[in-house]
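Okay, thanks for coming, everyone. I've got one chain to walk through today, so let me put it up on the screen.

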Amino acid sequence: MGRLFRFALAGGIGFAADAAALWLLLATTPLGALAARVLSIGFALCVSWQINRNMTFAPSSRGIAQEGARYGSVGIATSIVNYLVYCALLFALPALPPLAALAIASIVAMTLSFVGYSRLVFDR
């Protein structure tokens, strides 16, 4: 149960990094909500990898490059789910603020992330 709590905490920090990057990109660049989200997802993946590696699961027995590649693969797969839910919400509900769509999409992807990271990246 402690690992699940730490994962949720890491996810919360990753969500905050994602939301902050999305907000900053929307406020300071000409990027739209869809393009800005691609960049904010990448930033959030880097932040959450380091937190999960050092706080939630501990470094794997693999080298950092292999672990990073596995983390990135799982992260990209779950981010695709996250992004598709985000896009679907924005297209279905045009008045929905992008940060609200981000929150909903992140919750949907969280379960997939935990299973993927715990079984494919940080398994012992």
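I'll go from the overall fold to one helix, then to the pocket, and finish with a single pair of residues.

First thing to keep in mind: this is a predicted model. So, how many helices and strands does the chain have? There are 4 helices and 0 strands, and reading along the sequence you get α-α-α-α.

What about overall dimensions? The C-alpha trace spans about 45 × 25 × 20 Å along its principal axes. For 124 residues, a compact globule would come out with a radius of gyration near 14 Å, and the chain has 15 Å, so the two agree. Now the contacts: if you take those with a separation of 6 or more, 69% of them join residues 24 or more positions apart. On burial, 39% of the 124 residues are buried. As for the surface, the chain exposes about 6700 Å², with carbon and sulfur atoms supplying 76% of that.

Okay, let's zoom in on α2. That helix covers residues 33-56. Which helices do its buried residues pack against? They pack against α1 (2-28), α3 (64-92) and α4 (98-121). The buried set in α2 includes Ala36, Ile41, Leu45 and Trp49, but also some polar and charged side chains, among them Arg37, Ser48, Asn52 and Arg53. And just past the helix, α2 is followed by Ala58, which has a positive phi, near 80°.

The α2 residue I want to stop at is Ser40. Is Ser40 buried or exposed? Its relative accessible area is 0%, so Ser40 counts as buried. And what does the Ser40 side chain do in there? It makes a polar contact with the side chain of Asp18, at 2.6 Å. If you skip residues up to four places away in sequence, Ser40 touches Asp18, Ala21, Leu22 and Leu25. So Asp18 turns up both as the polar partner of Ser40 and in that list of touching residues, because contact here means heavy atoms within 4.5 Å.

Next, the pocket. The largest pocket holds about 450 Å³ of space. It has 26 lining residues, and the closest to its centre are Gly11, Phe15, Asn82, Ser106 and Ser113. Which helices supply the lining? α1, α2, α3 and α4 each put in at least two residues, and α1 gives the most, with 8.

Let me pick out Ser106 from that central group. Ser106 sits in helix α4. At 18% relative accessibility Ser106 still counts as buried, because the cut-off is under 20%. A polar atom of its side chain lies 2.8 Å from the backbone oxygen of Leu102. Leaving aside neighbours within four places in sequence, Ser106 is in contact with Phe15, Arg37 and Asn82. Two of those should sound familiar: Phe15 and Asn82 were also listed among the residues closest to the pocket centre. Arg37, meanwhile, is one of the buried residues of α2.

Last stop, Ala16, over in helix α1. With a relative accessible area of 43%, Ala16 is partly exposed. How far is Ala16 from Phe43 in sequence and in space? They are 27 residues apart in sequence and 11 Å apart in space, C-alpha to C-alpha.

That's what I have, so let's go to discussion.

Terms used:
Residues are numbered from 1 along each chain as its sequence is written. This is a predicted model: local features need pLDDT of at least 70, side-chain atom pairs count only at pLDDT 80 or more; totals for chains, interfaces and linings use all residues. Side-chain values use heavy atoms; hydrogens and water are left out. The radius of gyration is taken over C-alpha atoms; the globule rule is 2.2 Å times the number of residues to the power 0.38. Buried means under 20% relative accessible area, exposed over 50%, partly exposed in between (1.4 Å probe, protein chains only). Accessible areas come from the Shrake-Rupley method with a 1.4 Å probe; for residues, only the protein chains shown count as cover. A polar contact is a pair of N or O atoms within 3.5 Å; within protein, one must be able to donate a hydrogen and the other to accept it, and residues adjacent in sequence count only if both atoms are side-chain atoms. On a 1 Å grid over the protein atoms alone, a cavity is a set of points where a 1.4 Å probe fits but cannot get out, and a pocket is an open set with protein on both sides within 12 Å along at least five of seven lines; lining residues have an atom within 4 Å of a point. Grid points are joined across faces, edges and corners, and a volume is the space filled by probe spheres set on the points.
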